[in-house]
Amino acid sequence: MPICDVCFRHCKIEENSTGFCGARTCRNGKIVAANYGKITSIALDPIEKKPLKMFRPGSKVLSIGSYGCNLRCPFCQNSSISWSPKAFEYKDRAEYYSPEEIVKAATDLRTRGNIGLAFTYNEPLVGYEFVRDTAKLAKEAGLQNVLVTNGTATLKVLNEITPYIDAMNIDLKAFTSNFYKNFIDGDFQMVKAFIEGAVQSCHVELTTLIIPGENDSENEMRELSAWTVSLEKQHNKKIPLHITRFFPTFNLTDRAPTPISTIMKLVEIAKENLEYVFAGNV
Ligand code: SF4
């Protein structure tokens, strides 16, 4: 049975069934993206909303999403297209747009301040082929490409897309294996390797959503920011960090929003290591 090599799950996928992310399937013995070109969300967003603070500030970017995700964050802010039962219904009802159609739409929006495309909303890399093909065409049309990702994909996938991506915002959702493994069913080592690879190819900003009682300790932020500054030094690049506030949502409603004072304290701690740290959702 073919094995998917996109992420740490290495799903074995039978003919016509889907992998864990709900976005990849097996056709004629080959694993392909079933969500290729299946667009569930599209909006002309300010680039700061991705969030990207230090890449083309003040510009707008045509942001598109499909369906499916390889993580299981109980606090998902896009559950209707990522991994809820509703998200998987998009398999049959999302409309198909070709890379050419998407690039034409992005080009037409240049007059409204659009600089290019952002692949975002669900986890774009579970359908990396559409990201690669569309971003390549967009580059040829003189547009820029942004990727917003959870960073849990293999370096093989990263290498497929880096020739065409100008900037990424990557979630670094916590700085412990325990959080990744037990809270969101993810892979901490894969995220770190992905971030390190991405930093070498384009502008990278990181986002950490602070959840009370899970990843809000001062020590953890010290370790996270120390690791980030070590990457900065190694690759001679700045890596802005967004520290954002949690609000109860989806399957995580048993706790209060993150106190603003916690966010501000963690920003202060991160600034001991990093030059560019931004508080989000405050
Ligand atoms: S991308 Fe999807 S199908 Fe492939 S290994 Fe990850 S969860 Fe499984």
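**Entry 1: the ligand**

I looked up which residues surround the ligand in this predicted model. I listed Cys-4, Val-6, Cys-7, Arg-9, His-10, Cys-11, Ile-13, Gly-19, Phe-20, Cys-21, Arg-24 and Asn-70. I then sorted this shell by class and noted seven nonpolar, three polar and two charged residues. Arg-9 and Arg-24 are the charged ones, because Arg counts as charged. Gly-19 goes with the polar residues, because Gly counts as polar in this scheme. I also asked where the ligand sits. The ligand occupies the second largest cavity.

**Entry 2: the sheet**

I next traced the open sheet and recorded that eight strands form it. Their order across the sheet is S4-S5-S7-S8-S9-S10-S11-S12, and the pairing is mixed. Strand S4, residues 41–46, and strand S12, residues 277–280, are the edge strands, and each of them pairs on one side only. On average, neighbouring strands in this sheet are turned by 20 degrees against each other, with direction ignored.

I examined one pairing in detail. Strand S8 (residues 144–149) and strand S9 (residues 167–171) run parallel, and four bridges join them. For Thr-149, I found that the bridge partner in S9 is Ile-170.

**Entry 3: a helix across the sheet**

Which strands does helix H3 lie across? I noted that H3, residues 128–140, lies across strand S5 (60–65), strand S7 (114–119) and S8. Relative to S7, helix H3 runs at about 170 degrees. This angle is taken between N-to-C directions, so a value of about 170 degrees means that H3 and S7 point in nearly opposite directions.

**Entry 4: two backbone details**

I kept a general rule in mind here: most residues other than glycine have a negative phi, and most peptide bonds are trans.

I looked at the peptide bond from Lys-50 to Pro-51 and recorded it as cis, with omega near -5 degrees. Pro-51 is placed in the loop between S4 and S5.

I then turned to Asn-28. Its phi is near 50 degrees, a positive value in a residue other than glycine. Asn-28 belongs to the loop between strand S1 (24–27) and strand S2 (30–33).

Technical notes. Residues numbered from 1 in each chain as written. Predicted model: local features only at pLDDT ≥ 70, side-chain atom pairs only at ≥ 80, totals over all residues. Heavy atoms only, no water. Near = heavy atom within 4 Å. 1 Å grid on protein atoms, 1.4 Å probe; cavity = no way out; pocket = protein on both sides within 12 Å on 5 of 7 lines; lining within 4 Å. Sits in = over half its atoms within 2 Å of the grid points. Pairing = 2+ DSSP bridges. Helix = DSSP H or I, 4+ residues; strand = E, 2+ residues; numbered from the N terminus. Axes fitted to C-alpha atoms, helices over the stretch in contact; angles between N-to-C directions. Contact = heavy atoms within 4.5 Å.
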